[in-house]
Amino acid sequence: MKNIVLIGMMGCGKTTIGEILAKKLNMHFIDIDLYIENKYSMSISDMFEISEEYFRICESCCVEEVSKLENVVIATGGGVVQQSQNITYLQQNGWIVYVERPVENILQDIHENHRPLLKKGKDYFYELYQKRQPLYIKACNERIRNDGTLDDVVMKIIDKYQKK
Ligand code: S3P
């Protein structure tokens, strides 16, 4: 079976959903943001202090490494779709799910940790969403709405994964 790769905006639930999915399917779980921080021994905020470009280079390098693993659920960072090469890596051995959550819901409970881009404000977040939405749709094999309970969304993903 292929890896399950979760893509979508910051705060759409990729990490929480990914952890539950991995437990239920007896797969490993990898959060790329954490993987990056561990590999470079640096926080994402500090990487952005150097430059966003620096962070994106590190991110791509980690995406390439993680894409080679097997039997993993991978939670990606929201900006992973900005470089098409990342999607090429992830598609090699991955089934890609776009976790869609209404932006209004995201903005109600999102936190800034790991997310320097949030400091740019709500308008910027909406702009990012408009820019990325078509990229998420193009990159994914399946779109799943996260607007009910966590159990619902996890069961929807498992159902589609087993039928694919
Ligand atoms: C980013 C999302 C973050 C993290 C970094 C950049 C983005 O990950 O990779 O702050 O560009 O949307 P999450 O989507 O896990 O918050």
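**Figure 1. Asn26 in the loop between helix 1 and strand 2.** Welcome to this predicted model, where our opening close-up settles on Asn26, a residue of the loop between helix 1 and strand 2. The phi of Asn26 is near 55°, a positive value in a residue other than glycine. Most residues other than glycine have a negative phi. Is Asn26 buried or exposed? Its relative accessible area is 67%, and because anything over 50% counts as exposed, Asn26 is exposed.

**Figure 2. Asn71 in the loop between helix 4 and strand 3.** Here is another asparagine in a loop, this one placed between helix 4 and strand 3 (72-75). Asn71 is not a glycine, yet its phi is positive, about 60°. With a relative accessibility of 37%, Asn71 counts as partly exposed.

**Figure 3. The largest pocket and the residues around it.** Let us look into the largest pocket, which holds about 730 Å³ of space. Its lining is made up of 35 residues, and those nearest the centre are Gly11, Lys14, Thr15, Asp33 and Arg115. Which elements each supply at least two residues of this lining? They are helix 1 (14-25), strand 2 (28-31), helix 2 (32-40), helix 3 (44-50) and helix 4 (52-67). Helix 1 gives the most, with four residues. Sorted by class, the lining of the largest pocket has twelve nonpolar, 13 polar and ten charged residues.

**Figure 4. Arg115, one of the residues nearest the centre of the largest pocket.** Staying with the largest pocket, this view picks out Arg115, one of the residues nearest its centre. Arg115 belongs to the loop between helix 6 (103-109) and helix 7 (122-139). It is partly exposed, with a relative accessible area of 24%. Now find Asp31 as well: Arg115 and Asp31 are 84 residues apart in sequence, and their C-alpha atoms are 14 Å apart in space.

**Figure 5. Helix 4 from end to end.** How many residues does helix 4 have, and what should they span? There are 16 of them, and at 1.5 Å a residue they should span 22 Å. The end C-alpha atoms of helix 4 are 22 Å apart, so the expected span and the model agree. Along this helix, Phe55, Arg56, Cys58, Glu59, Ser60, Cys62, Val63, Val66 and Ser67 are buried. When tracing them, keep one rule in mind: an α-helix has 3.6 residues a turn, so residues three or four places apart point the same way. Helix 4 also appears in Figure 3, as it supplies at least two residues of the lining of the largest pocket.

**Figure 6. The aromatic pair of Trp95 and Tyr161.** The model has three aromatic pairs. The one shown here is formed by Trp95 and Tyr161, whose rings are tilted, with 5.4 Å from centre to centre and 45° between the planes. This pair links distant parts of the chain, 66 residues apart: Trp95 is in strand 4 (residues 94-100) and Tyr161 in helix 8 (residues 150-163). Both Trp95 and Tyr161 are buried.

**Figure 7. Lys120 over the ring of Tyr124.** Where does the charged end of Lys120 sit? Look for the ring of Tyr124: the charged end of Lys120 sits over it, 4.8 Å from the ring centre.

**Figure 8. A cavity lined in part by strand 4.** One cavity of 30 Å³ or more is found in the model, and the space in the largest cavity is about 40 Å³. Which residues line the largest cavity? Its lining consists of Met9, Cys12, Tyr98, Val99, Glu100, Arg101, Ile106 and Tyr129. Strand 4 contributes the most, with three residues. By class, six residues of this lining are nonpolar, two are charged and none are polar.

**Figure 9. Leu150 and Thr16.** In this view, Leu150 is a residue of helix 8. Leu150 is partly exposed, with a relative accessible area of 34%. Compare its place in sequence and in space with that of Thr16: the two are 134 residues apart along the chain, while their C-alpha atoms are 8.5 Å apart.

**Figure 10. Gln91 and Gly77.** Our last close-up shows Gln91, found in helix 5 (residues 84-92). At 36% relative accessibility, Gln91 counts as partly exposed. Gln91 and Gly77 are 14 residues apart in sequence, and 16 Å separates their C-alpha atoms in space.

Note on methods:
Residues are numbered from 1 along each chain as its sequence is written. This is a predicted model: local features need pLDDT of at least 70, side-chain atom pairs count only at pLDDT 80 or more; totals for chains, interfaces and linings use all residues. Side-chain values use heavy atoms; hydrogens and water are left out. On a 1 Å grid over the protein atoms alone, a cavity is a set of points where a 1.4 Å probe fits but cannot get out, and a pocket is an open set with protein on both sides within 12 Å along at least five of seven lines; lining residues have an atom within 4 Å of a point. Grid points are joined across faces, edges and corners, and a volume is the space filled by probe spheres set on the points. Ala, Val, Leu, Ile, Met, Phe, Trp, Tyr, Cys and Pro count as nonpolar, Asp, Glu, Lys and Arg as charged, and the others, Gly among them, as polar. The expected span of a helix is 1.5 Å times one less than its number of residues. Buried means under 20% relative accessible area, exposed over 50%, partly exposed in between (1.4 Å probe, protein chains only). Rings of Phe, Tyr and Trp (its six-membered ring) pair if their centres lie within 6.5 Å; planes under 30 degrees apart count as stacked, over 60 as edge-to-face and the rest as tilted. A charge sits over a ring if NZ of Lys or CZ of Arg is within 6 Å of the ring centre and within 35 degrees of the ring normal.
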